[in-house]
Amino acid sequence: MNWDIDVIFKALADSTRRLILDELSERNELTLYELTTRLIMKHDLSISRQAIAKHLTILEEAGLVKSKRKGKYRVLKFNNEPLKNLLKGWVE
């Protein structure tokens, strides 16, 4: 798959989105509620689920987060493939 480099860098430019990716990379899968709780408790962020959902939309558009339905919950998962492809030429 071919990802838009500018969209990936724009998604990574925000510190809250990087924290979201940190949390998702630390845990295999999280629901929006679990992610919100971890961001508030662990990082002392003052943020709503709606704000996190907006950040997740940007991360999903960049291909960095995937989501799927499990029953009544939306489960979020970190996708590092765009980053591997992005850095391939620079790191090798």
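**Exercise 1.** Which side chains meet in a salt bridge at 2.7 Å, N to O? Trace the network around them.

*Solution.* This is a predicted model: local features need pLDDT of at least 70, side-chain atom pairs count only at pLDDT 80 or more, and totals for chains, interfaces and linings use all residues. Residues are numbered from 1 along each chain as its sequence is written, and side-chain values use heavy atoms, with hydrogens and water left out.

Step 1. Apply the salt-bridge rule: a side-chain nitrogen of Lys or Arg within 4 Å of a carboxyl oxygen of Asp or Glu. Glu-26 and Arg-38 qualify at 2.7 Å.

Step 2. Place them. Glu-26 is in helix H2 and Arg-38 in helix H3, twelve residues apart. Helices are DSSP runs (H or I, at least four residues), numbered from the N terminus.

Step 3. Take Glu-23 and Lys-42. Their closest N and O atoms are 3.2 Å apart. Glu-23 lies in H2 and Lys-42 in H3, so this pair ties together parts 19 residues apart in sequence.

Step 4. Check accessibility (buried under 20% relative accessible area, exposed over 50%, partly exposed in between; 1.4 Å probe, protein chains only). Glu-23 is buried at 1%. Lys-42 is partly exposed at 44%. Arg-38 is buried at 18%.

**Exercise 2.** At roughly what angle do the axes of helix H3 and helix H4 cross?

*Solution.* Step 1. Fit lines to C-alpha atoms over the stretch in contact; angles run from 0 to 180 degrees between N-to-C directions. The axes of H3 (residues 32–43) and H4 (residues 49–61) come within 10 Å and cross at roughly 105 degrees.

Step 2. Classify. H3 is roughly perpendicular to H4, the class for 65 to 115 degrees.

Technical notes
Helices (H or I, at least four residues) and strands (E, at least two) are DSSP runs, numbered from the N terminus. Angles under 35 degrees count as roughly parallel, over 145 as roughly antiparallel, 65 to 115 as roughly perpendicular and the rest as oblique.
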